Amino acid sequence: MNIVETFKLTKKFNGLVAVNNVSLKIKEGEIFGLLGPNGAGKTTLISMLCTLLRPTSGTAKVNGFDIVKQQNEVRKSIGIVFQESSLDNRLTGRENLKMHAGLYGVPKNERKRRIDEVLKLVGLYERANELVKNYSGGMKRRLEIARGLIHYPKVLFLDEPTLGLDPQTREHIWEYIKKLAERERITILLTTHYMEEADALCDRVAIMDHGEIKVVDTPENLKNSLEGDAITLEVNNSKKFLERMRKIKSIKKIHAEENKISITVKNAEKLAPKILELARKNKILVNSISIRKPGLGDVFLHYTGREIGEEIGESKEMLKRRSRVL
Amino acid sequence: MSEIEGIYTIFLREIIRFWRDKSRLVSSLVQPLLFLIVFGGGFSFVRLGSINYQTFLFPGVVAISVVGISIASGVSVIWDREFGFLKEILVAPISRTSIFIGKALGGCATALVQGIIILSLSFIIGIPITLNSFVVSIFLMALISLGLVSVGLIIASLVETLESFGMIMNFIIFPLIFLSGAFFPLQEAPEWLRIISLVNPLTYGVEAIRYTIIGFSSIPFSLSLTIITAFSFATILLGGIAFSRQK
């Protein structure tokens, strides 16, 4: 069953298309990732799905409810962790959660038990009575994840859940996300511009660029869909070596530039010894050899024609204005 | 049901935050106390018929003591926007109107705490108040406060930054206070000043409270009550609209 489904969802800001004709189907229970650079339209897409922004055209259904016509039902079905903190720093962790339970009408007799449960899930039970302003960045993010879960949502939206966190904290957050996906049997839709994050967490990934979805598949399939592994060699006589190597059938693509030879093959580990053997026989000196498995970065490059690190020209001010809702 | 619970939750948060930040209460008490001490003391030689100036001034200060804190409570919306918490409220399954009502009631309650403290000074200053007029005064302060809190919230929903909110607020508060008849009897004032004061809704609040506490006023109590009630309802309505229109 599809828990989130979008139909040609489009959002324009003063003529600028932020999300363009996006049609997505997200299955119940999966961790789905939207991978793309800053400014790709991920946050805008999520903002529409959680009813903070009204689509310019097209629509979407979340948990079977229309995001324009049934806003309240959609809101009850979802939990959200925004890119920027949305906690009240002057309240304690527990008070923040209590407020959330009140706003979402969680039955009074269930509240305490549920709040304790989510606090334990993110490992904040012992620190719950401290003011949030004394929390570290990682603790705040965990508290927000816990908060998003209190009202038993069907879908949890995580907008760049580890943005601005150090690598160690990031891995901790990943563990919590995996754990909660298991225990709460919830669908998670997360956005990220970190390849490793999408790779480590997501069952399926959609690559988004310039407001459009380029491709959707499992990280494995996406990586396998590329030609294969890359072997790079540095030799003293590339011309001669190139001729000899053309005879090896399992080489898919070969490309030489001065003394550097790049080869694309299906199984680099097995082929590398053969190549070195061939070089030795022909008395060609190999200075260096490297093998690289394709990552989601290569997938991104393949589908968008550029590296994910390259930002799209968009001022921070513009993003800020866009995210402003009241 | 869930709307009422949402209103209560937002209300409660304002109260908790106010309670944690007692310096705000102390500092906002300074202004009305100064008025009482400086004007009350400085003009103690003035007599208005049978009553001395301090007695005349006191109910006025009670009324205006809720003005600053009421309008300033709108600032919480700007803080919430700045720190991101507003999003948490906006995606919750409650209406914008409920958010507005929760904020307004919270602001009103905090203003009342201050108003009641000032009102209680009557026992120290030596202005006798019956229980009846004490309760009626609180009710009137609540009415004034609700209207002004709404004004603050409307401003907050229109401006972006803390700085512009502060500027607009100061621009409003001082004329409101000084042209309210809190410091001078309206019937003795020059005509132009009286006319300006009669346009100021706070004037009717001051007059109603003065009548309640010392039985003296330039405007009939029923008229004052009608006007401040109408003012509060109108601003609450406008505020509700302003909030629900925001997107």
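The exercises below work through two sheets and two backbone outliers of a predicted model.

**Exercise 1.** State which scores accompany the model and what the mean pLDDT of chain B is.

*Solution.* The model as a whole carries an ipTM of 0.86 and a pTM of 0.83. For chain B, the mean pLDDT is 92, with 99% of its residues reaching 70 or more. Such values are worth checking before the geometry is discussed, because predicted coordinates should not be read in detail where pLDDT is low.

**Exercise 2.** Work out the strand order of the open sheet of 4 strands in chain A, identify its edges, and find which helices pack on it.

*Solution.* Step one is the order, which reads β13-β14-β12-β15 in chain A, with antiparallel pairing. Step two concerns the edges: β13 (251-257) and β15 of chain A each have a single partner strand, so one side of each remains without a neighbour in the sheet. Neighbouring strands here are turned against each other by 15 degrees on average, direction ignored. Step three looks at one pair, β12 (residues 229-235) and β14 (residues 260-265) of chain A, which run antiparallel over 6 bridges, and in which A:I231 stands opposite A:I263 of β14(A). Step four adds the helices: α9 (residues 238-245) of chain A touches β12, β13 and β14 of chain A, its direction making about 170 degrees with that of β13(A), while α10(A) touches β12, β14 and β15 of chain A and makes about 170 degrees with β15(A).

**Exercise 3.** Describe in the same manner the open sheet of 6 strands in chain A.

*Solution.* The order is β7-β8-β9-β4-β10-β11 in chain A, and the pairing is mixed. The edge strands, pairing on one side only, are β7 (78-81) and β11 (212-217) of chain A, and the twist from one strand to the next averages 15 degrees. A parallel pair is formed by β8(A) and β9 (residues 187-192) of chain A over 5 bridges, where A:L158 stands opposite A:L190 in β9(A). Helix α5(A) packs on this sheet through β7 and β8 of chain A, with its direction at about 170 degrees to that of β7(A).

**Exercise 4.** Locate A:Y152 and A:K283, and decide whether each is buried, partly exposed or exposed.

*Solution.* Most residues other than glycine have a negative phi. A:Y152, however, has a positive phi of about 50 degrees, and lies in the loop between α5 (137-149) and β8 (155-159) of chain A. With 14 other C-beta atoms within 10 Å, A:Y152 is partly exposed. A:K283 likewise has a positive phi, near 55 degrees, and is found in the loop between α10 (268-281) and β15 (286-292) of chain A. Its count is 9 other C-beta atoms within 10 Å, and 12 or fewer means exposed, so A:K283 is exposed.

Methods:
Residues are numbered from 1 along each chain as its sequence is written. Chains are lettered from A and ligands numbered from 1 in the order in which they are written. This is a predicted model: local features need pLDDT of at least 70, side-chain atom pairs count only at pLDDT 80 or more; totals for chains, interfaces and linings use all residues. Helices (H or I, at least four residues) and strands (E, at least two) are DSSP runs, numbered from the N terminus. A residue is buried if 20 or more other C-beta atoms lie within 10 Å of its own, exposed if 12 or fewer, and partly exposed in between; C-beta atoms are placed from the backbone. pLDDT is the predictor's confidence in each residue, from 0 to 100. Two strands pair if DSSP finds at least two bridges between them. Axes are lines fitted to C-alpha atoms, for helices over the stretch in contact, and angles run from 0 to 180 degrees between N-to-C directions. Two residues are in contact if their C-beta atoms, placed from the backbone, lie within 7 Å.
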